[in-house]
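Reader: I should be grateful for a close look at a single part of this structure. Please describe that part and then its surroundings in one connected account.

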Amino acid sequence: MGPAVMIRVLLVDDHAVVRAGYRRYLEQAEGVQVVAEAGSAEQGYLAYCQSRPDVSVVDLSMPGASGVQLIQRVVARDATARVLAFSMHEQVLFVQQAIVAGACGYITKNSAGEALVEAVRAAHAGGRFFSPGLALPSVAHQPLPDAGSADALSAREFEVFRLIAR
């Protein structure tokens with residue numbers, strides 16, 4: 001007696017070991033299947049277009065185009081896309097950039113694997129999910145991302161900030 005709905009997930013992270021670990025967590029959960037993986041934003045966009053996942057989990061810090069840029073591209077292509085940002089960064093500015101780009105949640109890499117499963121289920125159900133303890137920007141409480149926010153950095157400005165932070 002399997003679940004009525006299988007949640008199809010795309011994992012995008014430049015570290016294969018990280019993807020493998022989170023794939024294992026997700027696939028041990030009932031009703032979750034990883035249908036595609038990618039190691040860069042460019043590959044992630046192609047994988048999204050090919051696999052049409054229900055939920056995408058996107059690392060923000062990758063070589064080349066950032067996860068924020070990938071989130072923007074996916075949401076521009078499909079306004080109904082459910083994308084979770086996945087990052088080692090806990091600073092509120094990173095959370096804000098992900099949400100403004102169109103993410104419906106933000107999971108820190110130090111979260112338990114169960115949190116990722118919970119986040120995927122929340123995103124699939126149309127909700128938001130944020131790792132416990134994260135400082136949330138005001139945009140986190142808005143029903144939809146406010147891409148026109150004047151206090152938001154452009155994708156390029158955020159990319160410069162990310163490189164400085166690294």
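**A tyrosine pair and its surroundings**

Author: Helix 1 holds both Tyr22 and Tyr25, which are 3 residues apart, or about one turn of the helix. In this predicted model, the two side chains form an aromatic pair of the tilted kind, with 6.3 Å from centre to centre and 35° between the planes. The tilted label applies because planes under 30 degrees apart would count as stacked and those over 60 as edge-to-face. The structure holds 2 aromatic pairs, and the pair of Tyr22 and Tyr25 is one of them.

Tyr22 also leads to a second feature, since this residue is among those that line the largest cavity. A search of the whole structure finds 1 cavity of 30 Å³ or more, and the space in the largest cavity comes to about 40 Å³. Its lining consists of Leu11, Val12, Asp13, Val18, Arg19, Tyr22, Val57 and Phe86. By class, 6 of these residues are nonpolar and 2 are charged, while no polar residue takes part. Helix 1 (16-28) and strand 1 are the elements that give two or more residues to this lining. Of the two, helix 1 gives the most, with 3 residues.

Strand 1 carries the account from the cavity to the sheet. This strand spans residues 7-12 and pairs with strand 3, residues 55-59, in the parallel sense over 4 bridges. Within that pairing, Leu10 stands opposite Ser56 of strand 3. Helix 5 (residues 113-124) packs on the sheet and touches strand 1, strand 2, strand 3, strand 4 (83-87), strand 5 (105-108) and strand 6. The direction of helix 5 makes about 130° with that of strand 3.

The sheet as a whole is open and is formed by 6 strands in the order 2-1-3-4-5-6, with parallel pairing. Its edges are strand 2 (32-38) and strand 6 (129-130), each of which pairs on one side only. Strands of a sheet pair through backbone hydrogen bonds, in either a parallel or an antiparallel arrangement.

Methods: Residues numbered from 1 in each chain as written. Predicted model: local features only at pLDDT ≥ 70, side-chain atom pairs only at ≥ 80, totals over all residues. Heavy atoms only, no water. Pairing = 2+ DSSP bridges. Contact = heavy atoms within 4.5 Å. Axes fitted to C-alpha atoms, helices over the stretch in contact; angles between N-to-C directions. 1 Å grid on protein atoms, 1.4 Å probe; cavity = no way out; pocket = protein on both sides within 12 Å on 5 of 7 lines; lining within 4 Å. Points joined across faces, edges and corners; volume = space filled by probe spheres on them. Nonpolar A, V, L, I, M, F, W, Y, C, P; charged D, E, K, R; others polar. Phe/Tyr/Trp six-rings, centres within 6.5 Å; stacked < 30°, edge-to-face > 60°.
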